[in-house]
Amino acid sequence: MRVATYNINSIRSRHARAIDWMVREEIDVVAFQETKCKPEQFPVEAFEEAGYEIVSHGLSQWNGVAFASRLPMSDVEINFPGQPGFLKGAEGPDQPQEARAIGVTVDGVRLWSLYVPNGRALGDPHLAYKLDWLEKLRTATSEWMTQNPGLPIALMGDFNIIPTDEDNGDPTIIVGESTHVSPEERASFAAFADIGLMDTVRPLVPTGYTYWDYKQLRFPRNEGVRIDFILGNQEFADLVTAAGIHREERKGDGPSDHVPVVVDLEIAGDDDDRPMFL
DNA sequence: ATGCCGAAAATATTTCGA
């Protein structure tokens with residue numbers, strides 16, 4: 001099973017390009033972020049024509065997460081338990097949840113597509129929201145693992161954190177001045193290891209970025225950052241046989257500013273008789 | 001050439017992204 005995470009930066013603008021890539025690369029499951037549309041606006045038919053089913057969550061032109069899969073999906077879950085909300089200018093609890101999390105089960109593997117809040121700037125309320133969101137995600141993930149021993153679980157998505165200086169090739173992102181590299185954000189990312197999740201791509205792809213800003217020739221200069229991850233528990237990591245960062249997808253006409261991150265999973269008992277949507 | 005930001009709602013300019 002070949003699984004990917006992809007911040008697509010508008011599925012309506014880029015679905016044809018994404019589908020071409022999925023078919024060409026024989027991707028079974030994609031966790032999308034920043035679909036930027038409501039479910040009724042999602043170009044479902046184009047995916048179905050290519051053999052992929054869609055489950056999506058979107059509330060407006062902002063955020064939005066989805067799964068496309070050519071293997072059966074079950075147990076679709078919108079939002080994770082305890083997921084915080086955010087409303088600009090609002091204070092206190094009970095703010096509305098944004099469209100940043102959707103979970104599915106495929107072939108006995110639990111997958112989440114996650115679009116972690118940006119943080120915007122040091123000192124911005126959005127950064128406190130980001131850190132709270134990540135803390136609650138860790139709590140929920142710990143619960144899933146204790147309640148489902150042996151279940152392979154992966155958190156896939158745009159974490160909006162640059163874990164180490166080696167992951168930062170953008171000269172405008174500066175420790176001490178910028179979000180994504182603050183000690184608090186880096187500690188929050190590292191804390192996922194404390195609950196038993198590991199970066200399943202880095203051991204197989206030791207270098208490379210997943211995002212390059214559209215501005216200032218960031219891609220031609222290779223001044224990117226690594227912010228898109230597939231974090232898995234031990235059961236998930238044990239299935240991973242290969243990984244890749246598809247930087248070719250940043251080239252050409254109309255790319256997303258992110259590229260897909262892919263892992264291959266070897267699942268015992270699988271064969272070519274698995275049901276598929278066609 | 002991998003080339004100087006793009007999407008979306010609104011309809012000109014603003015918000016958001018990292």
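**Close-up views of a predicted protein–DNA model**

**View 1. His126 reaches toward the backbone of Gly119.** The His126 side chain comes to 3.0 Å from the backbone nitrogen of Gly119, a polar contact (N or O atoms within 3.5 Å; within protein, one must be able to donate a hydrogen and the other to accept it, and residues adjacent in sequence count only if both atoms are side-chain atoms). This is a predicted model: local features need pLDDT of at least 70, side-chain atom pairs count only at pLDDT 80 or more, and totals for chains, interfaces and linings use all residues; side-chain values use heavy atoms, without hydrogens or water. Residues are numbered from 1 along each chain as its sequence is written, and chains are lettered from A and ligands numbered from 1 in the order in which they are written. His126 sits in helix α3; helices (H or I, at least four residues) and strands (E, at least two) are DSSP runs, numbered from the N terminus. His126 is buried, at 1% relative accessible area. Buried means under 20%, exposed over 50%, partly exposed in between (1.4 Å probe, protein chains only). Leaving aside neighbours within four places in sequence, His126 is in contact with Phe86, Arg100, Pro117, Asn118, Gly119 and Arg120; contact means heavy atoms within 4.5 Å.

**View 2. Polar contacts link the protein to DNA strand B.** A polar side-chain atom of Asn118 lies 3.3 Å from a base nitrogen of the strand. For Asp158, a polar side-chain atom is 3.3 Å from a phosphate oxygen of DNA strand B. Lys215 uses a polar backbone atom, 3.5 Å from a sugar or linking oxygen of the strand.

**View 3. The protein surface near DNA strand B.** A residue is near the strand if one of its heavy atoms lies within 4 Å of it. Of the 25 residues around DNA strand B, Ser10, Asn118, Arg120, His180 and Tyr214 come nearest. By class, this surface has seven nonpolar, nine polar and nine charged residues. Helix α1 (residues 11-24) gives the most, with three residues. On the DNA side, 73% of the strand B atoms within 4 Å of the protein belong to sugar or phosphate, and the rest to bases.

**View 4. Helix α4 and its cover.** Helix α4 spans residues 183-194. Its buried residues are Glu185, Arg186, Ser188, Phe189, Ala191 and Phe192. Their cover includes α3 (125-147), β8 (153-158) and β10 (228-232). Just after α4, Gly196 takes a positive phi of about 100°.

Notes:
Nonpolar A, V, L, I, M, F, W, Y, C, P; charged D, E, K, R; others polar. Expected span 1.5 Å × (residues − 1).
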